[in-house]
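Reader: I am in my first year of study and would be grateful for a close look at one part of this structure. Could you please describe the second largest pocket and then the residues and helices that help to place it in the whole?

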Amino acid sequence: MGTVIDSHFLALTAIVTIGYQLAFFVVTALFKFDKVTDFAGSTNFIILAVLTLVLKGTWHYRQVLLTAFVVIWGLRLALFLLTRILQWGEDRRFDEMRGNLGKLAVFWIFQAVWVWTVSLPVTVVNASDRNPSVDAALIAGSIMWLIGLTSEALADQQKLTFKNSPTNRGKWCNIGLWKYTRHPNYFGEIILWWGIFVAASPVLYGAEWLVILGPIFLTLLLLFVSGIPLLEDSADKKYGNVAEYREYKRVTSPLIPLPPAVYRSLPSWFKTVFLFEFPFYSRSLPQDGLVW
């Protein structure tokens, strides 16, 4: 099938994303029902990937593979997050938003921007007529995606199992992958989307390389805005006076998995520059005796 609205499906995917997120925003605002928030975000990725693949209709190997990557990731994440919120009963992120329509609207606008921007590599590949053969970039990107998906899925399940155990009530998760990084799920998500970009790169030409903004936006979002900073702040306020937690934070990498003994021995400047151990990650942590 031919071009729809524009040659790269950018306007089409923007309109679909705005409409889809607006529908869920209305449900949330009218019924104070926020259990479908993450489900709306994850499934929006699937809709954009499948829609652009079908509309273009060329069914190139790379297009089908990258679309499958998004569908697999999106379905797993959507079902996991929906199951988790149904178990927990409420999403605490919305405690201050439920009665504030303005704040709620800003959240949903931001979610729409997130979906559209991060989807850019797949959107542009699915709109392209170029069909390079299997190459090193496709193989490397696929491996990165597999590592990322496995890390994210395993980390999510490990933490859910840990939190569901009565014996771990009031404790922070430090088992499995969480022993080597404080945010293994975010590490996985960043790696898999950079993998999709790498796999898409041989198709890109000229201004199409701007789709690198997708994984860059995701990385910056998780490092500086709604990912790691919020969770670090919450954990520090809850466990900051517990010596074992302070030690865990001191010897555990914030994002990139490393053995605690290795991370402990690295100089502070190296941790900040290369491992993203930014000072504001500990702004809510009591500073007495804290040595990085």
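Author: About 210 Å³ of space lies in the second largest pocket of this predicted model. Its lining consists of A14, T17, I18, Q21, L22, F25, A105, W108, I109, A112, V113 and W116. Two elements, α1 and α4, each give two or more residues to that lining. Helix α1 covers residues 10–31, and α4 covers residues 101–118. In the list of lining residues one may notice A14, I18 and L22, as well as A105, I109 and V113. A general property of helices is useful here: an α-helix has 3.6 residues a turn, so residues three or four places apart point the same way.

A good place to continue is T13, which belongs to helix α1. T13 counts as buried because its relative accessibility is 1%, under the 20% that sets the limit for that word. The side chain of T13 reaches back to the backbone oxygen of L10, at 3.1 Å. Setting aside residues up to four places away in sequence, T13 touches L48, T52, W116 and T123. One of these partners, W116, is also among the residues that line the second largest pocket.

The segment before α1 holds F9. F9 has a phi near 65°, which is a positive value in a residue other than glycine. F9 is also buried, with a relative accessible area of 1%. Another residue with such a backbone angle is F276, whose phi is positive at about 65° although F276 is not a glycine. F276 is found in the segment after α12, a helix of residues 268–275. Is F276 buried or partly exposed? With a relative accessible area of 24%, F276 is partly exposed.

Let us now turn to helix α2, which runs over residues 37–56. This helix has 20 residues and extends 29 Å from its first C-alpha to its last, close to the 28 Å expected at 1.5 Å a residue. Why may α2 be described as largely enclosed by the rest of the structure? The reason is that 14 of its 20 residues are buried, so the rest of the structure largely encloses α2. Just after α2 comes G57, which takes a positive phi of about 75°.

Within α2, T43 deserves particular attention. T43 is buried, and its relative accessible area is 11%. Its side chain takes part in a polar contact of 2.7 Å with the side chain of Y20. The side chain of T43 also reaches the backbone oxygen of F39, at 2.6 Å. When residues up to four places away in sequence are not counted, T43 touches Y20 and A78. A further residue of α2 is L55, which is buried with a relative accessible area of 15%. L55 and L154 are 99 residues apart in sequence, and their C-alpha atoms are 34 Å apart in space.

The next subject is the nonpolar interior. The largest nonpolar core has 37 residues, and those with the most contacts inside it are F45, W73, W193 and I196. At least two residues of this core come from each of α2, α3 (61–88), α4 (101–118), α5 (120–127), α6 (136–164), α7 (184–200) and α8 (213–224). Helix α4 therefore supplies residues to this core, and α4 also gives residues to the lining of the second largest pocket. As for I196, its contacts beyond four places in sequence are L66, F69, V70, P121, V122, G141 and W145. A second core, separate from the largest, has 10 residues, including A155, W172, A235 and L285.

Finally, V124 lies in helix α5. V124 is buried, with a relative accessible area of 3%. Which residues does V124 contact, apart from its neighbours within four places in sequence? They are H8, L10, L204, E208 and V211. L10 thus appears among the contacts of V124, and the backbone oxygen of L10 is also the atom that the side chain of T13 reaches. The C-alpha atoms of V124 and I191 are separated by 20 Å, with their positions 67 residues apart along the chain.

Note on methods
Residues numbered from 1 in each chain as written. Predicted model: local features only at pLDDT ≥ 70, side-chain atom pairs only at ≥ 80, totals over all residues. Heavy atoms only, no water. Helix = DSSP H or I, 4+ residues; strand = E, 2+ residues; numbered from the N terminus. Buried < 20%, exposed > 50% of the residue type's maximum accessible area, 1.4 Å probe, protein only. Polar contact = N/O pair within 3.5 Å; in protein donor to acceptor, adjacent residues only side chain to side chain. Contact = heavy atoms within 4.5 Å. Core = buried A, V, L, I, M, F, W, Y, C linked by side-chain atoms within 4.5 Å. Expected span 1.5 Å × (residues − 1). 1 Å grid on protein atoms, 1.4 Å probe; cavity = no way out; pocket = protein on both sides within 12 Å on 5 of 7 lines; lining within 4 Å. Points joined across faces, edges and corners; volume = space filled by probe spheres on them.
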